[in-house]
Structures are given as structure tokens and as C-alpha cells.
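Reader: I have a new structure in front of me and would like to learn how to read it. Could we go through the main features one after another?

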Amino acid sequence: GASLRAADGSIRRYGLPVSFDTLTLIYNSANLLAVPADTAALLTSARGLSAPDANPPVWGFAVNLSLDTTIGYLYAFEGRIFDDTGALVLGDAGRDGTERWLSWVRDLSVDQRIYARPDSNIAVDYAIRSGRALATFDWAHSLNTYLSLWNASATVAPLPRLAETGLAPMPYVRSEILAVNARVSSRERSAALEFLRFMITEEAQRLLLGAGVQPARNLELEGTDSQVVRARAFRTEAEQGQPMPNSADRGIIDQELRFMQQQVLGGLANPTDAVSETDRRMRERLRRNT
């Protein structure tokens, strides 16, 4: 889905995905000894490992509460932004789950034994790199950071199921897409297509995997080698995720959802009012944009 876009009433492929990126749970297995069964198990274990009053403080779980990091759990709460036909349902069928998600994220932000920061990669990244955080939600492209910090103890697992519903989250999946400019000469086009054909060969895709990049090709990943085990975890997550929005309205949707979350996290609106106002603004802006 990452390389497909609606155009002229039809769905068209506009590029070739060569790698993908998605969010998973990444943790230090020397401290967190088992894959958490769900979010409740993760937070319980993390709180037990945290020592917020130590100098410096230690956190069992650190997380950036940005939209991109947490939106997967909106769907686990059975919230929705659009229905399967593309109609906006945020304030209707999607309201209950979205409000519960906003409340959940707000509760994380004030949990004194969780290092959760509203949309702050810098603070969370510093806690992790300084050895003061033992688990987090992060993107596949950041894996090498954790390997350098935790070595063989760096463990990747799919995001835990939401304890409240038993549902798996649906995080964003994004891809690096190779596309050919339609205005290039025939010779340049031939060279570009030859390069694209090479980039999806098994040889090239395995080279990407060896460099810590998750290849788009569905490679056979056999065995218990740590690199293969981590790659399988990233693929499991990607299979249940959702393509990062790439429509012409993406900017409007992204801006409004971020503002909705920030209003709640900042204490400027309760979840009910935030959903109502966001639904109203999105309808107005999307109508004007058509």
C-alpha cells in the first residue's frame, strides 16, 4: 500500500518500495526477561524496574508520545479516523475508541514511574542513550542504536496487545520508494529501471538486511540467528500495521490529529471536546480542499 496512490479515480503504483520501516517494542532483555503479553504486563514490569528517585533516575520504559508513535493504539481501542469507504467517522463511529485512546495516552504522560514525554524524541533519546531507559517503542531504522547500547541483549518484539481490548495495535508502516522521473531520456530511464530491478533482487535485499535496513522483499528468513529473529519481528509488525497516509489530504489529516493529541496532553481540552472539535475542523478543511 505504501507505493499506491489514488489518481483519476483509480489506484496506481507510483514507485517501487525497496525497504520498509515500522514501530516495534525494543528492549534490553538483560533487564526485561520476557516478552510482555500485553500493555498491562509491559507497564507493570517497567514500573518495577524504574527508580525515578535515583541519581540519575532509571526508567523501565521510556516513550515519545507523538502521534506517529502512539496512533497504532487508537485502532487497538477500536477508534477510527475514516471508515473503509474513506468517509470521515472520527466524531461518529470512531469517537468512543478515539476518546479512550486519548485518555490512555494522557494517563501515560502523568505516570510517575514511566518516562513518557509528549512529542519529545530528544528527551527520550537522551534517556535511552545514557543508559537510563530499558525499553521503548521505536522504528526499525533505529535498531543499530540499540545494538550498540545493549549488544546481544537488544531484543525486538511486536508492539504488545492492548490489555483493555486484547487487540494488536496497527502502527504506521512507511517505505523508501524508488520512482523514475517521467521526463528523463530513454537512456536514463533504462539505466534507472536496471537499477530498480537490481534493488529488488534477493542479493541486494539481503545486503540491506545485513546493513540493518529492513528489505521490502518477502525473503525466506530461516533459523535462530539474532538478525533473522529481529527481522521476523519487524515483518510481523508490518503485516498488522497500516500504510502511512500518502494522499493529497495527508497534511491536513496529520496536522489536525497532532493538534487533537497535543490539546489533550497539554490539559487544554478533554478527549470528548478534542474529538468533536477535530472532527468539525477536518470536515471543513477537507471540504475546502476538494
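**Reading the chain, its helices and its spaces**

Author: Let us begin with the chain as a whole, where 44% of the 290 residues count as buried. Please keep in mind that this is a predicted model. The chain holds 10 helices and 10 strands, and its C-alpha atoms fill a box of roughly 65 × 50 × 30 Å along the principal axes.

Reader: What radius of gyration would a compact globule with 290 residues have, and what does the chain have?

Author: A compact globule with 290 residues would have a radius of gyration near 19 Å, and the chain, with 20 Å, agrees with that expectation. The contacts add to this picture, since among those with a separation of 6 or more, 70% are between residues 24 or more positions apart.

Reader: How should I read a single helix, for example helix 3, and what should its 15 residues span?

Author: A general idea helps here: an α-helix has 3.6 residues a turn, so residues three or four places apart point the same way. In this structure, the 15 residues of helix 3 should span 21 Å at 1.5 Å a residue, and because its end C-alpha atoms are 21 Å apart, the helix agrees with the expected span. Its buried residues include Thr98, Trp101, Leu102, Val105 and Leu108, and the buried residues of helix 3 pack against helix 1, helix 2, strand 5 (115–117), helix 9 and helix 10.

Reader: Which elements do the buried residues of helix 10 pack against?

Author: They pack against helix 3 and helix 9. The buried residues of helix 10 are Pro271, Ala274, Val275, Thr278, Asp279, Arg281, Met282 and Leu286, a list in which Asp279 and Arg281 appear beside residues such as Val275 and Met282. Helix 10 has 19 residues and reaches 26 Å from its first C-alpha to its last, close to the 27 Å expected at 1.5 Å a residue.

Reader: Now I would like to turn to empty space; how many cavities of 30 Å³ or more does the structure hold?

Author: Rolling a probe the size of a water molecule over the atoms shows where empty space is left. Here the structure holds two cavities of 30 Å³ or more. The largest cavity has a volume of about 70 Å³, and among the residues that line it are Thr39, Leu42, Phe61, Tyr73, Trp104, Leu108 and Phe137. Helix 1, helix 2 and helix 3 each supply at least two residues of that lining, which by class has nine nonpolar, three polar and no charged residues. Trp104 and Leu108 are therefore worth finding in your view, as both are buried residues of helix 3 and both line the largest cavity.Reader: Which residues line the second largest cavity?

Author: The lining is made up of Asp68, Tyr172, Met244, Pro245, Arg250, Ile253, Asp254 and Leu257, around a volume of about 60 Å³. Helix 9 gives the most to the lining of this second largest cavity, with four residues. By class, the lining has five nonpolar, no polar and three charged residues.

Reader: How much space lies in the largest pocket, and which residues lie nearest its centre?

Author: About 820 Å³ of space lies in the largest pocket. Its lining has 26 residues, of which Phe82, Asp83, Gly86, Gln242 and Pro245 lie nearest the centre. Two or more lining residues come from each of strand 1 (4–7), helix 2 (67–76), strand 10 (242–243) and helix 9 (250–265), and strand 1 gives the most, with three residues. The lining divides into 15 nonpolar, six polar and five charged residues. Pro245 links two of our topics, since this residue is among those nearest the centre of the largest pocket and also lines the second largest cavity.

Reader: Finally, what should I look for in the backbone, and which peptide bond is cis?

Author: The peptide bond from Asn55 to Pro56 is cis, with omega near 0 degrees, and Pro56 lies in the loop between helix 1 (39–49) and strand 4 (62–64). Phi is another angle to examine: Glu78 has a positive phi of about 70 degrees although it is not a glycine, and Glu78 is found in the loop between helix 2 and helix 3 (95–109).

Reader: Where is Asn151 found, and is Asn151 buried or exposed?

Author: Asn151 is found in the loop between helix 5 (143–150) and strand 7 (154–157). Its phi is near 55 degrees, a positive value in a residue other than glycine. With a relative accessible area of 52%, Asn151 is exposed, because that value is over 50%.

Methods:
Residues numbered from 1 in each chain as written. Predicted model: local features only at pLDDT ≥ 70, side-chain atom pairs only at ≥ 80, totals over all residues. Heavy atoms only, no water. 1 Å grid on protein atoms, 1.4 Å probe; cavity = no way out; pocket = protein on both sides within 12 Å on 5 of 7 lines; lining within 4 Å. Points joined across faces, edges and corners; volume = space filled by probe spheres on them. Nonpolar A, V, L, I, M, F, W, Y, C, P; charged D, E, K, R; others polar. Buried < 20%, exposed > 50% of the residue type's maximum accessible area, 1.4 Å probe, protein only. Expected span 1.5 Å × (residues − 1). Contact = heavy atoms within 4.5 Å. Rg over C-alpha atoms; globule rule 2.2 N^0.38 Å.
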